[in-house]
Amino acid sequence: MSTKLSAVKGMNDLLPEQAEVWEQVEAKVGEVFRQYGYRPIRTPIVESTSVFVRAIGEVTDIVEKEMYSFNDALNGEALTLRPENTAAVVRAAIEHNLLYDGPRRLWYFGPMFRHERPQKGRYRQFHQFGVEALGFDQPEADAEQIFMVARLWKALGLRDGFAPKLQLNSLGMPQDRALHREALVHYFQSHQSRLDEDSQRRLGSNPLRILDSKNPEMAELIANAPQLPEFLGDQAREFQQRLLNLLNEQGIAFELNPRLVRGLDYYNLTVFEWVTDRLGAQGTVCGGGRYDSLVERMGGKPAAATGFAIGAERLILLVQEAQGLGRPSAPDAYLIHFGQGARESALKLAEQLRDQGLKVVLDPGQTSAKSQMKKADASGADLALLIGEDESLAGEVTVKPLRGQGQQATMPLSQLLATMDRRKQDNA
Ligand code: HAM
């Protein structure tokens, strides 16, 4: 007996009911991003491993533990399934000289891969809606992205406690971070015996990443560690204040969270997350911030930048909890046919109705009238259009309302086409 085949753990199938919700969310997200002048970019799912190592940082959870990396068997190239897409977008922008005539607003949607322990809201293949604003160095750009996310929550019907809440922090300028680093090293050195193995190692290489530890035994030690905001210089403070003023003016609520450090090394100044308590442990729906030195570090001319990514699975779980979207539209009509001649007429009529922009479903081949009626009912269509041998020969069709009060009526095809066209105009 052959073994049963199943999807890879942490990688999900999306069956039609779910995939239809995804399509609706994708459409809304695209609509909102376009309103702000973002243009789409699509990059490969596989990149050279060095793209991610250089951008995200060698001593991070993602690079150390979570990447799906392999050597191309043909040429030995070190490759990685993208764990995030900021690195790849920056790589593409540099490679294709996208910033040659000024800043760029870019957005993407697609699968990302991280080898994490799967649970609700955390998967090994997950999807992100992301934006990257390259070449923007002012806090207005950060503010605009936050406005955009807030607008998106509304567009998706996330209100009354379902909208994620904004948390903000500043990671400062490089000199501020150097001071913070020194203080962190000093602090953790004086508590060295309480550090786990990972953190011992990070103490020498990247002490900020000790703060990402998920080890509960270190939670208290981390909670009492020196926090970045204490080390911010004037430039970082002024930048943050300008951003906060813009958010206040627009009525966007936020909470300053001095412990928010994000898990990737490329950030400076603004970092933010939108979190919800409706999804259990994996409540961060969106995360991002400013990364002013990444373009240069990846080999481009210096260009400040800011961006974020929304976890699509988490967003869609939330939208479903809030019942923020309607059901996808039912067919305008379900066509039912009995007999060989009728089948051909039905196929032809369906095409004519689709020419009018209508959504029409019918069973191909030979199925009983009873089973077709059942499917018509289940489809949610308002009308069944019946064609038997008699109707087919006479060039007629019988219209049977499936919902509401209307009467069944037989009419010539030309009249049906006109009626359907009118219904479409009325419903538009
Ligand atoms: P990130 O915080 O690693 O940032 O991921 C962004 C979002 O992706 C998270 O807030 C979460 O909603 C979702 N996410 C991450 N890992 C998983 C997972 N294993 N399963 C399900 N959802 C997940 C970035 O990736 C940055 N590239 C964001 C960015 C863009 N920063 C600047 N530009």
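The exercises below work through the ligand shell, the sheet and several single residues of a predicted model.

Residues are numbered from 1 along each chain as its sequence is written, and side-chain values use heavy atoms, with hydrogens and water left out. Local features need pLDDT of at least 70 and side-chain atom pairs count only at pLDDT 80 or more, while totals for chains, interfaces and linings use all residues.

**Exercise 1. The ligand shell**

Task: describe which residues surround the ligand and which strands supply them.

Step 1. A residue is near the ligand if one of its heavy atoms lies within 4 Å of it. The shell holds 26 residues, and the closest are Glu 84, Glu 116, Glu 132, Tyr 267 and Thr 284.

Step 2. Sort the shell by residue class: 11 are nonpolar, 8 polar and 7 charged. Here Ala, Val, Leu, Ile, Met, Phe, Trp, Tyr, Cys and Pro count as nonpolar, Asp, Glu, Lys and Arg as charged, and the others, Gly among them, as polar.

Step 3. Assign the shell to strands. Helices (H or I, at least four residues) and strands (E, at least two) are DSSP runs, numbered from the N terminus. At least two shell residues come from each of strand E6 (125–134), strand E10 (284–290) and strand E11 (305–311). E10 gives the largest share, with 5 residues.

**Exercise 2. Polar atoms around the ligand**

Task: find the distances from ligand atoms to side-chain N or O atoms of Glu 116, Gln 128 and Arg 262.

Step 1. A ligand nitrogen atom is 2.7 Å from an N or O atom in the Glu 116 side chain.

Step 2. For ligand oxygen atoms, the distance is 3.0 Å to an N or O atom in the side chain of Gln 128 and 2.8 Å to one in the side chain of Arg 262.

Step 3. Add the cover: on its own the ligand has 660 Å² of accessible area, and the protein covers 96% of this. Accessible areas come from the Shrake-Rupley method with a 1.4 Å probe; for residues, only the protein chains shown count as cover.

**Exercise 3. Two positive phi values**

Task: state where Asn 97 and Arg 262 lie, and whether each is buried or partly exposed.

Step 1. Asn 97 is in the loop between helix H4 (86–95) and strand E5 (104–113). Its phi is positive, about 55°, although Asn 97 is not a glycine.

Step 2. Arg 262 is in the loop between strand E8 (255–256) and strand E9 (268–275). Phi of Arg 262 is also positive, near 60°.

Step 3. Apply the cut-offs: buried means under 20% relative accessible area, exposed over 50%, partly exposed in between (1.4 Å probe, protein chains only). Asn 97, at 45%, is partly exposed, whereas Arg 262, at 14%, is buried.

**Exercise 4. Helix H4 and Leu 98**

Task: explain why H4 is described as largely enclosed, and place Leu 98 relative to it.

Step 1. Because 8 of the 10 residues of H4 are buried, the rest of the structure largely encloses this helix. Among the buried residues are Thr 86, Val 89 and Arg 91.

Step 2. The buried residues of H4 pack against strand E2 (46–48), helix H2 (49–56), E5, E6 and helix H10 (294–297).

Step 3. Leu 98 is in the loop between H4 and E5 and counts as buried at 16% relative accessibility. Contact means heavy atoms within 4.5 Å; leaving aside residues up to four places away in sequence, Leu 98 touches Ile 41, Ala 93, Arg 104 and Leu 106.

**Exercise 5. The sheet**

Task: give the strand order and identify the edges.

Step 1. Two strands pair if DSSP finds at least two bridges between them. The open sheet has 8 strands in the order E1-E5-E6-E11-E10-E9-E7-E8, with mixed pairing.

Step 2. Strand E1 (39–40) and E8 each have a single partner strand, so they stand at the edges with one side lacking a neighbour in the sheet.

Step 3. E1 pairs with E5 in the parallel sense over 2 bridges. Trp 107 of E5 is the bridge partner of Pro 40.

**Exercise 6. Asp 363**

Task: locate Asp 363 and list its side-chain polar contacts.

Step 1. Asp 363 is in the loop between strand E13 (360–362) and helix H13 (369–379), and is buried at 7% relative accessibility.

Step 2. A polar contact is a pair of N or O atoms within 3.5 Å; within protein, one must be able to donate a hydrogen and the other to accept it, and residues adjacent in sequence count only if both atoms are side-chain atoms. The Asp 363 side chain makes such contacts with the side chains of Tyr 334 at 2.7 Å and Lys 375 at 2.8 Å.
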